[in-house]
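Okay, thanks for coming, everyone. I'd like to walk you through some helix packing and a few salt bridges, so let me put the structure up.

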Amino acid sequence: MSTSSILLISSDESLSSDVGHALDEIDGARVNRQAMNIGQMNGAAVGLAADHDIVIFATDPSNAAELSAIEVLTDRRAGDTVYLALTDADLPLSKARALTRAGVDDVLPYPSSGNEIAEQVGQWIARKRAAIEERYAGASTGGKLIAVQQARGGIGATTIAVNLADMLLNRRGTFRKEASNRVVVVDLDLQFGTVGDFLDVDEQEGLLQLAAENFLPDTNWVEQSLVRLPSGLAVLAAPQRFAPLDALQPAQVESLIATLKTMFDYVVVDLPRALVGWIEPVLVETDRLYIITDMTVPSVRAARRLMDFVLADNTALPVEMIVNREKKPMMLREHHREAAKALDTTFNHWIADDPKAARMAIDYGKPLSDVAARSDLAKGISALARATLAQLPKDAAVVAG
Ligand SMILES: Nc1ncnc2c1ncn2[C@@H]1O[C@H](COP(=O)(O)OP(=O)(O)O)[C@@H](O)[C@H]1O
Ligand SMILES: [Mg+2]
């Protein structure tokens, strides 16, 4: 099923109800009506608009304040949002041009029947979908899913998830501009997720919308909901408002993961600490689970419990322990050996304690590769990224015709 979100902005009640009802009839459309004037939108409303596929608003282009409000609105265009203006049918061409210059994609005459408007909107939705499908056609035959889980809170799971994702881009070329891989980092820690903070990305409403409404996410929804950093890294951050963890349906998560795997070579998921029902569809699709721990007894015990939990239903799940905040010792000490035994594993990855680099990354809201590329912390995660790339090579892309 395909879904499209439409935002209808108008303080005119009869317009809003007339057009709104017609839009409701569009297959798979979710219509959100905002009773306000385009000239009165504050920053939050502008941000909200950019989270929609289509934004429709009534405007009088002779009003300079409205024109500049439209410019602010379209400037925030995140990805592919389409902006449509409803205006007087007798609009002179010069005024229509002013709207186009302000960033509006199309000018629709009003009044006209709601159905005519719905038809035009439907065409924009179809055009947009086709463009997105083309963009991802043959991109990937099956991305690799890497899930990151913490043995205890504050262990460094998000630090590792975010920077692992960044390094999986495997950037090359002059100034390391070209990413060799398509990578997305997804914050499934819906309630306390901090991926957005680590990357200075605003909270996003997408996952909240998913939790609040019962639809299955598709490529179009994912593309609309994520943010892309200049490096090319795609980010699906957690919402700002509180989303009950169990509001997400397992089928929605299954569809989200399946869609992400068709769009990206590597999907890095920051898992919540709670073991909710929809973890299962993630684990089923997981190519590698990294459990982040340290060598203290409580963490090792928690890691053991986690491992037992995830392996109970997924015996073949490839789980690997990552020791954070400790450099690999020359020789394993007694407590290391005991931990290895308790976890029935060998520790292949150690990431040094490096508060300075960790702090820099947080303060700047940037990946380590940008702010502390030569730090011990960056080197540790980089080694993890290289091992991941070697062990989970991306599927060969189908070359588009
Ligand atoms: N290897 C490390 N050395 C020093 N500080 C670290 C390291 N890894 C993470 N941190 C810091 O620990 C804190 C918790 O990290 P975070 O990634 O949010 O953990 P989690 O997601 O497991 O709760 C953050 O302040 C982070 O900068
Ligand atoms: Mg975290």
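Before the handedness call, the convention: a crossing is right-handed if the near helix is turned clockwise from the far one by less than a right angle, and left-handed if it is turned anticlockwise. Also keep in mind that what you're looking at is a predicted model.

So, helix packing. Two packed helices are described by the angle between their axes and the distance between the axes. Take helix 1, residues 13–24, and helix 5, residues 114–136: their axes come within 8 Å and cross at roughly 50°. Helix 1 and helix 5 are therefore oblique to each other. As for the hand, this crossing is right-handed. Who is doing the touching? On the helix 1 side we have D18, V19, A22 and L23, and on the helix 5 side G114, N115, I117, A118 and V121. Sort the residues of that contact by character and you get six nonpolar, two polar and one charged.

Now flip over to the other pair I picked, helix 12 and helix 13. Helix 12 covers residues 297–313, and it packs against helix 13 at an angle of about 15°, with the axes 9 Å apart. That angle makes helix 12 roughly parallel to helix 13. The crossing here is right-handed too. V300, A303, R304 and M307 of helix 12 meet A339, A342 and L343 of helix 13. The split for this contact is six nonpolar, no polar and one charged.

Right, on to charges. How many salt bridges does the structure hold? The count is 16, and I'll go through a few.

First up, R171 and D166, whose side chains meet at 3.9 Å, N to O. The cut-off for a salt bridge is 4 Å, in case you want to argue about that one. Are these two buried or exposed? R171 counts as buried, at 17% relative accessibility, and D166 counts as buried as well, at 3%.

Next, R241 with E205, where the closest N and O atoms are 2.8 Å apart. R241 sits in the loop between strand 11 (234–236) and helix 10 (250–263), while E205 sits in the loop between helix 7 (195–198) and helix 8 (206–212), so this pair ties together parts that are 36 residues apart in sequence. The two ends have their own surroundings: R241 counts as exposed at 52% relative accessibility, whereas E205 counts as buried at 18%.

Then there's R325 and D353, with side chains meeting at 3.0 Å, N to O. Again we're in loops: R325 is between strand 14 (319–324) and helix 13 (334–343), and D353 is between strand 15 (349–351) and helix 14 (355–364), so the bridge ties together parts 28 residues apart in sequence. R325 is partly exposed, with a relative accessible area of 45%, and D353 counts as partly exposed at 42%. There's also a network: K261, E285 and D287 are joined by salt bridges that share partners.

One last residue before I stop. T259 is found in helix 10, and at 11% relative accessibility it counts as buried. What is T259 in contact with, leaving aside its neighbours within four places in sequence? The list is P217, D218, T219 and V222.

That's what I had, so over to you.

Terms used:
Residues are numbered from 1 along each chain as its sequence is written. Chains are lettered from A and ligands numbered from 1 in the order in which they are written. This is a predicted model: local features need pLDDT of at least 70, side-chain atom pairs count only at pLDDT 80 or more; totals for chains, interfaces and linings use all residues. Side-chain values use heavy atoms; hydrogens and water are left out. Axes are lines fitted to C-alpha atoms, for helices over the stretch in contact, and angles run from 0 to 180 degrees between N-to-C directions. Helices (H or I, at least four residues) and strands (E, at least two) are DSSP runs, numbered from the N terminus. Angles under 35 degrees count as roughly parallel, over 145 as roughly antiparallel, 65 to 115 as roughly perpendicular and the rest as oblique. Contact means heavy atoms within 4.5 Å. Ala, Val, Leu, Ile, Met, Phe, Trp, Tyr, Cys and Pro count as nonpolar, Asp, Glu, Lys and Arg as charged, and the others, Gly among them, as polar. Buried means under 20% relative accessible area, exposed over 50%, partly exposed in between (1.4 Å probe, protein chains only).
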